[in-house]
Amino acid sequence: MVLKQDHELNMKRFLRLAYYEIFKVQPFLLIALAVSALITLFLTLDEGLEVAERQLYIMYILGAYFPLLIALLTNNGLMKEKEGHTAVFVCSRVNLGVLWLRRLILGFFTVAIFMAALLALMNHLIPGLFPPIFALTLLIPVLFFSAIMALVSALSCSSTAGAIAGLFVWTLLYFYSPAIYSRFGPNFFPFLEWAIFFRFKAPIGALPVNKFYYAMLCLLLLAITFCLHRSNLQVERFSRQ
């Protein structure tokens, strides 16, 4: 009986925490998800487009632009603590590394649930529009650009620097995508889902290797970022600014 009550209490605390972190700390993330869903569903239902055109345009949004948008919106969570001069207070209750990791995980699972629901709905409206595995693979570019911005933000204690770094990397990868694809092939192409339906006509069989490489790179960048935050040196710098 006591264990059941403790479990219910912990669940209520978790739900309150999740509500605060998602709806209070990162409200623009939900707005971006809603707008992205409306645009992609409009393209799905547009009878003036051929199926191949719908696939291309939707993956252009979800596979190329969506990762950058989500990374930009989720990059400034800790910066709000800095701007509100509450970083020291927050970190008196929880380590900065734990706080950053908690927000990263909650944001990631929010996007994961959104992506799974959106892909399922589009495939329900047009059966076979996209492979179901895209619900997982499309998360890797989001994590990749989020990891780049998070690392630079942790090093500089500036979300602006992180955003600039992420934009710079995205711009290079996007505008030099033909050269990157021709030089390295589909295994190292950052926007592979888009490339499958674009003129590159990348093979879908390259997804596992491609996502494995980028997932390992993401884990490395995130591990370094966590160690930087966990040192709590950023809190001292926050308090001086």
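In this predicted model, Lys211 pairs with Glu193 in a salt bridge whose closest N and O atoms lie 3.0 Å apart. The two partners come from distant parts of the chain, 18 residues apart: Lys211 belongs to helix 12 (residues 207-230), while Glu193 sits in helix 11 (residues 192-197). Both ends of the bridge are hidden from the surface in the sense used here, since Lys211 is buried and Glu193 is buried too. A reader looking for further pairs of this kind can stop here, as the structure holds 1 salt bridge.

With that pair located, the overall fold is easy to introduce. The protein chain contains 13 helices and 0 strands. Read from the N terminus, its elements therefore run α-α-α-α-α-α-α-α-α-α-α-α-α. Of the 241 residues in the protein chain, 47% are buried. Contacts across the sequence are also worth a look: among those in the protein chain with a separation of 6 or more, 69% join residues that are 24 or more positions apart.

One helix pair can be followed in detail. In general, two packed helices are described by the angle between their axes and the distance between the axes. For helix 3 (residues 51-74) and helix 6 (residues 96-125), the axes come within 14 Å of each other and cross at roughly 170°. Because angles over 145 degrees count as roughly antiparallel, helix 3 is roughly antiparallel to helix 6. The crossing of helix 3 past helix 6 is right-handed. On the helix 3 side, the residues that meet helix 6 are Ile58, Leu62, Phe66 and Ile70. Their counterparts in helix 6 are Val111, Phe114, Met115, Leu118, Leu119 and Met122. Sorted by class, this contact of helix 3 with helix 6 has 10 nonpolar residues, with no polar and no charged ones.

Helix 3 also offers a good place to zoom in on a single residue, Ala64. Is Ala64 buried or exposed? Ala64 has a relative accessible area of 0%, and because the cut-off for burial is under 20%, Ala64 counts as buried. Which residues does Ala64 touch, leaving aside its neighbours within four places in sequence? Its contacts are then Met59, Trp170 and Phe191. Another residue to compare with Ala64 is Ala195, which lies 131 residues away along the chain. In space, the C-alpha atoms of Ala64 and Ala195 are separated by 9.6 Å.

Terms used: Residues numbered from 1 in each chain as written. Predicted model: local features only at pLDDT ≥ 70, side-chain atom pairs only at ≥ 80, totals over all residues. Heavy atoms only, no water. Axes fitted to C-alpha atoms, helices over the stretch in contact; angles between N-to-C directions. Helix = DSSP H or I, 4+ residues; strand = E, 2+ residues; numbered from the N terminus. Parallel < 35°, antiparallel > 145°, perpendicular 65-115°, else oblique. Left-handed = near helix turned anticlockwise from the far one by under 90°. Contact = heavy atoms within 4.5 Å. Nonpolar A, V, L, I, M, F, W, Y, C, P; charged D, E, K, R; others polar. Salt bridge = Lys/Arg side-chain N within 4 Å of Asp/Glu carboxyl O. Buried < 20%, exposed > 50% of the residue type's maximum accessible area, 1.4 Å probe, protein only.
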